[in-house]
Amino acid sequence: MRTLEEPADGQENHVLFDRLSALDIAAFVVDGVDLSPGAAIPSDGDIRIDRALAGFLFTCGPEHIRHPEPIEGVADGARYPLHGSLAGTAVSHTQMASDGAECTATIEVALADGGQARIERRWRIDPARYEVVLEDRVVNVGTSAFPPMMMYHVNIGGRLLEPDTRILSASLAGGESAWRFGNGESAHFCLPAAVGSDGWSDVTLAGLAGLGARNLRVRFRTDTLPFLQMWRCQRGEADVISIEPVSHRIAKRPELAAAGELTPLLPGEARSYAIAFAVV
């Protein structure tokens, strides 16, 4: 574990990284309160994902997102794993800046289809915006092309919310929604992200009672993350809501391929992604 210190307008914030799972965020602590859901999550039976989902942010990809599907052109029934191959992959190299405001990492990922990718990851503090910023560069270091797919799960413990907590975003009809959207114990949606003048989109979880009614704001680049997905689960012991900027709409891989939405990354090529968050 490593910690990034975030100076933010009188708040004491800490970001705790998980080196055994792609340098994702195990905990985001604001004035002594961890926003992560911890044990209050549902389990799909995959130990990698159970560990990752309990943290504040985990990355899904780089060759598959969402639920397992058959690998194209393989006859032995092999499937892409739940949420892709990155989760649960240890980092091969990390470096922390002396002032604690930046951390870089390299993650070598063996893809489910036999390919190879490298994630060049940079976490940093943007002092002007009081934000934590993640910049990822996905490089195809294998010998065959693959279509990158990425999703960033920002997970918040439902214990911090109250009935009046709202989701605010230009991506939503009318610009806002109750946090307990949909029907039943679990629900999700995926919408085209509204694009700002800077090419980024944003969404805010507003009025977190467990943080003194403060807000969590998430922003993301829309050229490679053009969709806003959100998911919540209040079932049994589970109590979590997730903000999930994502590269692809909800559809099976064959449908995405037929629509030309699985754009191949050739050997030696790279694609970049970025997401930022802050408590305001």
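Guide: Two residues are in contact when their heavy atoms come within 4.5 Å. Keep that in mind as we look around, and remember that this is a predicted model.

Visitor: Then let's use it. Which residues does Ala 112 contact, leaving aside neighbours within four places in sequence?

Guide: Ala 112 has heavy atoms within 4.5 Å of Glu 63, Ile 71, Arg 79, Tyr 80, Pro 81 and Ser 85, so these count as its contacts. One of them, Ile 71, is 41 residues away along the chain, yet the two C-alpha atoms are separated by 7.9 Å.

Visitor: Where does Ala 112 sit, and why is it called partly exposed?

Guide: You'll find Ala 112 in the loop between strand 9 and strand 10. Buried means under 20% and exposed means over 50%. Ala 112 has 30% relative accessibility, so it falls in between and counts as partly exposed.

Visitor: What makes strand 9 and strand 10 a pair?

Guide: A pair needs at least two bridges. Strand 9 (residues 102–110) and strand 10 (residues 116–126) have nine, so they qualify, and they run antiparallel. If you want a register mark, Thr 104 has Arg 122 as its bridge partner in strand 10. Five residues lie between the strands of this hairpin, and Gly 114 takes a positive phi near 100° there.

Visitor: What about strand 10 and strand 11: how do you know that they pair?

Guide: Same test: at least two bridges are needed. Strand 10 and strand 11 (residues 131–140) are joined by 10 in the antiparallel sense, so they pass. Ile 125 stands opposite Val 132 in strand 11. Four residues separate the two strands of this hairpin, and Tyr 130 in the turn has a positive phi of about 55°.

Visitor: What makes a positive phi worth pointing out?

Guide: Most residues other than glycine have a negative phi. Asp 31 has a positive phi of about 50° although it is not a glycine. Another is Ala 213, with phi near 70°.

Visitor: Where are Asp 31 and Ala 213?

Guide: Both are in loops: Asp 31 between strand 3 (24–30) and strand 4 (33–34), Ala 213 between strand 16 (200–208) and strand 17 (214–221). With 39% relative accessibility, Asp 31 lies between the 20% and 50% cut-offs, so it is partly exposed. Ala 213, at 49%, is below the 50% limit, so it is also called partly exposed.

Visitor: Which peptide bond is cis?

Guide: The bond between Gly 61 and Pro 62, where omega is about -5°. Most peptide bonds are trans. Pro 62 lies in the loop between strand 5 (57–60) and strand 6 (69–70).

Visitor: What makes you say that strand 12 is largely enclosed by the rest of the structure?

Guide: Seven of the seven residues of strand 12 (residues 151–157) are buried, so the rest of the structure largely encloses it. Met 151, His 153, Asn 155 and Gly 157 point one way, Tyr 152, Val 154 and Ile 156 point the other way, and all are buried. In a regular strand the side chains alternate between the two faces of the sheet.

Visitor: Which strands does strand 12 pair with?

Guide: Strand 5 is joined to strand 12 by four bridges, antiparallel, and His 153 is the bridge partner of Phe 58. Strand 19 (residues 240–246) is linked to strand 12 by five bridges, again antiparallel, with Asn 155 opposite Ser 242.

Visitor: And why is Ala 278 called buried?

Guide: The cut-off is under 20%, and Ala 278 has 0% relative accessibility, so it counts as buried. Ala 278 is in strand 20 (residues 270–279). Beyond residues up to four places away in sequence, Ala 278 touches Tyr 130, Glu 131, Asn 215, Leu 216 and Arg 217. Tyr 130 is the turn residue with the positive phi.

Visitor: Stepping back, how many helices and strands are there, and how do you know that the protein is as compact as a globular protein of its length?

Guide: There are two helices and 20 strands. The radius of gyration is 18 Å, close to the 19 Å that the globule rule gives for 280 residues, so the protein is as compact as a globular protein of that length. Also, 52% of the 280 residues count as buried. Among contacts between residues at least 6 apart in sequence, 60% join residues at least 24 apart.

Key:
Residues are numbered from 1 along each chain as its sequence is written. This is a predicted model: local features need pLDDT of at least 70, side-chain atom pairs count only at pLDDT 80 or more; totals for chains, interfaces and linings use all residues. Side-chain values use heavy atoms; hydrogens and water are left out. The radius of gyration is taken over C-alpha atoms; the globule rule is 2.2 Å times the number of residues to the power 0.38. Buried means under 20% relative accessible area, exposed over 50%, partly exposed in between (1.4 Å probe, protein chains only).
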